[in-house]
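Q: Hey, can you walk me through this one? I'm new to reading structures.

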Amino acid sequence: MPSQSGALLGPVVLTQPRIWSRATGRAVAVGTVIVALWAPTSVAQTGELEQGRRLYESLCGSCHGPLGNGGRGANLAQPQLRRATDDQALSNIIRRGIRGTEMPGSPLTPSQLASVAAYVKTLGRVAPEDIPGDRGRGEAVYAGLDCVRCHTMGSRGGIVGPPLDDIGARRSAAHLREALLAPEASVPRGFLQLRVVTRDGRVFNGIRVNEDGFSIQFRDLSGRVHSFWKDELELFEHQWRRSPMPSYDGRLNAAQTDDLVAYLVSLVGAP
Ligand code: HEC
Ligand code: HEC
């Protein structure tokens, strides 16, 4: 840390000597973050980052969190991103989104695109998120619970919920914690729960696979797919904000929850 903060503090010493001369250990740390985010090498660059920050806050912050490390979106506050591996990939992802995921494209002008990308890069210059908990113990917690009934990991497990092999790259620690303790607070796209009663009295709960004006297909909790014409049904109900995933609040103590979150965060898929 000392050599790194020394290097980062270079510009602060030049532009804001008072911060430096009064610096305590703590103030240095604060200074480091300010510099990491705002290293004002030129007025033009500062203006670009300011524009990038505003665009980020209005377009991206709701999913990626104001600091890039919280929410439904991937954690952007890390030095190395999994998909946005270089500048070109980063711009493409921001412009086009990531197909098949909740990451949307944004129709931005070239200058807006450049400024958001520049701002996203500054988010990665913070120290990596410090996640309490132990991934090794978390793996044991995972194995001891019934997660595998509904989730695939490696080639094993059920398909009622999404696969978890790269969940740590797709979601932030905060979202994963919420998914365990309050699954209904943030149901991922594509997991709409249905309750279906047929005219001959059969009752099903499941996750919608497909629906059009006349028919509906869904997967029940054992993973079996059913298909019905809508006029065969007595009742069918879209249960937005409901989830078949049970809450583990109460089944896990605080330390086990931390360990399990640390384990999930470490799952970033095949390199
Ligand atoms: C509706 C929620 C949502 C919004 C809005 C959103 N994102 Fe995302 N973003 C995601 C999700 C979810 C992922 C992870 C996709 C995956 O890999 O499954 C993601 C992934 C990314 C990645 C790739 C991260 C990596 O690991 O390489 C980048 C970069 C990114 N988003 C930047 C942005 C920027 C910049 C904006 C605003 C212009 C934005 N996102 C808006 C949800 C969102
Ligand atoms: C009865 C089936 C079931 C069980 C058991 C279950 N889940 Fe889930 N899980 C789901 C479903 C369905 C979803 C998607 C809807 C939602 O988020 O509630 C989900 C969502 C998730 C998500 C969020 C995924 C995302 O992309 O946002 C995580 C993380 C998760 N589960 C982890 C676990 C872990 C860890 C366990 C064991 C402690 C577990 N689940 C047990 C069915 C289950």
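A: Sure, one term to begin with: a residue is buried if 20 or more other C-beta atoms lie within 10 Å of its own, exposed if 12 or fewer, and partly exposed in between, with C-beta atoms placed from the backbone. Buried residues make up 23% of the 271 residues in the protein chain. This is a predicted model, where local features need pLDDT of at least 70, side-chain atom pairs count only at pLDDT 80 or more, and totals for chains, interfaces and linings use all residues. Residues are numbered from 1 along each chain as its sequence is written, while chains are lettered from A and ligands numbered from 1 in the order in which they are written.

Q: OK, and how many helices and strands does the protein chain have?
A: There are eleven helices and seven strands. Helices (H or I, at least four residues) and strands (E, at least two) are DSSP runs, numbered from the N terminus.

Q: Cool. Which residues come nearest to ligand 2?
A: Those are Cys 147, Cys 150, Gly 161, Ser 243 and Met 245, out of 26 residues around ligand 2. "Around" here means that the C-beta atom, placed from the backbone, lies within 6 Å of the ligand.

Q: And which helix gives the most to that shell around ligand 2?
A: Helix α10 (residues 173-181), with three residues.

Q: New topic: where does Pro 66 lie?
A: Pro 66 sits in the loop between α5 and α6.

Q: Why is Pro 66 called partly exposed?
A: Because Pro 66 has 14 other C-beta atoms within 10 Å.
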